[in-house]
Amino acid sequence: MFKKSNIPKSDSETGSKCLKIRAHHLCCIQGFQGYGYSPAFVANMRAVIADIKASPSRPLELVSECDAICASCPSKRECTAQVSVNSRSIRNMDLVVMEKLKIKEGTIMEADKAFRLINSQLANASDIEDVCGACKWRQKCLWYLQEER
Ligand code: SF4
Ligand code: SF4
């Protein structure tokens, strides 16, 4: 699925530095088509995706806290502090994904392996609803809208 997405090609430097990524963002990355919370968020999301695409063996640390994508989000402070129902709901998405992938907080794996894993383990509509059911971006998200699930 990752290869079929509309992720822009990038000539950015490849690197092996571990990148912190929220577990549910493995789904969001694949569904991204340019929508987001702010222009800065969208630009950063594009850059993170381009970096991963340029270096598919890059190690990702899978977490349930703010990550490289959250870095430019207007809600970063709220999500970091976990002070709202919304931020706790978002963290729960990460925990659901980790449970379904049978991985622990902080698991490190290569990006292409992580995408293969999530696309094989979250294979039916029920799994997708468990993760994305409360997300306001569902109708803009290619990963959520995929027909072949
Ligand atoms: S529907 Fe929302 S949570 Fe689910 S993958 Fe898409 S953007 Fe992420
Ligand atoms: S809403 Fe929260 S979890 Fe989602 S990108 Fe923004 S800071 Fe990160």
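Mentor: Helices (H or I, at least four residues) and strands (E, at least two) are DSSP runs, numbered from the N terminus. This is a predicted model, in which local features need pLDDT of at least 70 and side-chain atom pairs count only at pLDDT 80 or more, while totals for chains, interfaces and linings use all residues. Residues are numbered from 1 along each chain as its sequence is written, chains are lettered from A, and ligands are numbered from 1 in the order in which they are written.

Trainee: In what order do the elements of the protein run from the N terminus on?
Mentor: The protein has seven helices and three strands. From the N terminus on, the order is β-α-α-β-α-α-β-α-α-α.

Trainee: Which residues of helix 4 are buried?
Mentor: Helix 4 covers residues 85-101 and spans 24 Å from its first C-alpha to its last, close to the expected 24 Å (1.5 Å times one less than its number of residues). Burial is judged by other C-beta atoms within 10 Å, with C-beta atoms placed from the backbone: 20 or more is buried, 12 or fewer exposed, and in between partly exposed. On that count the buried residues of helix 4 are Ile90, Met93, Asp94 and Val97.

Trainee: Why do the buried residues of helix 4 line one face?
Mentor: On the other side of helix 4, Val85, Arg88, Ser89 and Glu99 are exposed. The arc is taken over the directions from the helix axis to the C-beta atoms. The buried residues of helix 4 line one face because, seen down its axis, they fall within an arc of 90 degrees.

Trainee: What covers the buried residues of helix 4?
Mentor: The test is contact, meaning C-beta atoms, placed from the backbone, within 7 Å. The cover includes strand 1 (19-22), helix 1 (25-31), helix 3 (76-81), helix 5 (111-121) and helix 6 (125-132).

Trainee: Which helix gives the most to the shell around ligand 1?
Mentor: The shell holds 13 residues (C-beta, placed from the backbone, within 6 Å), the closest being Cys27, Cys28, Cys132, Cys135 and Cys141. At least two residues come from each of helix 1, helix 6 and helix 7 (142-145). With three residues, the one that gives the most is helix 1.

Trainee: Which residues surround ligand 2?
Mentor: Their shell divides into six nonpolar, one polar and one charged (Ala, Val, Leu, Ile, Met, Phe, Trp, Tyr, Cys and Pro count as nonpolar, Asp, Glu, Lys and Arg as charged, the others, Gly among them, as polar). By name, they are Cys66, Ile69, Cys70, Cys73, Ser75, Lys76, Cys79 and Ile90.

Trainee: How far apart in space are isoleucine 128 and cysteine 27?
Mentor: Isoleucine 128 sits in helix 6. It is partly exposed, with 18 other C-beta atoms within 10 Å. Isoleucine 128 and cysteine 27 are 101 residues apart in sequence, and their C-alpha to C-alpha separation is 9.4 Å.

Trainee: Is lysine 102 buried or exposed?
Mentor: Lysine 102 lies in the loop between helix 4 and strand 3 (107-110). Its phi is positive, about 60 degrees, although it is not a glycine. Because lysine 102 has 9 C-beta neighbours inside 10 Å, it counts as exposed.

Trainee: What is phi of glutamine 82 near?
Mentor: Glutamine 82 is in the loop between helix 3 and helix 4. With 13 other C-beta atoms within 10 Å, glutamine 82 is partly exposed. Its phi is positive in a residue other than glycine, near 55 degrees.

Conventions: Contact = placed C-beta atoms within 7 Å.
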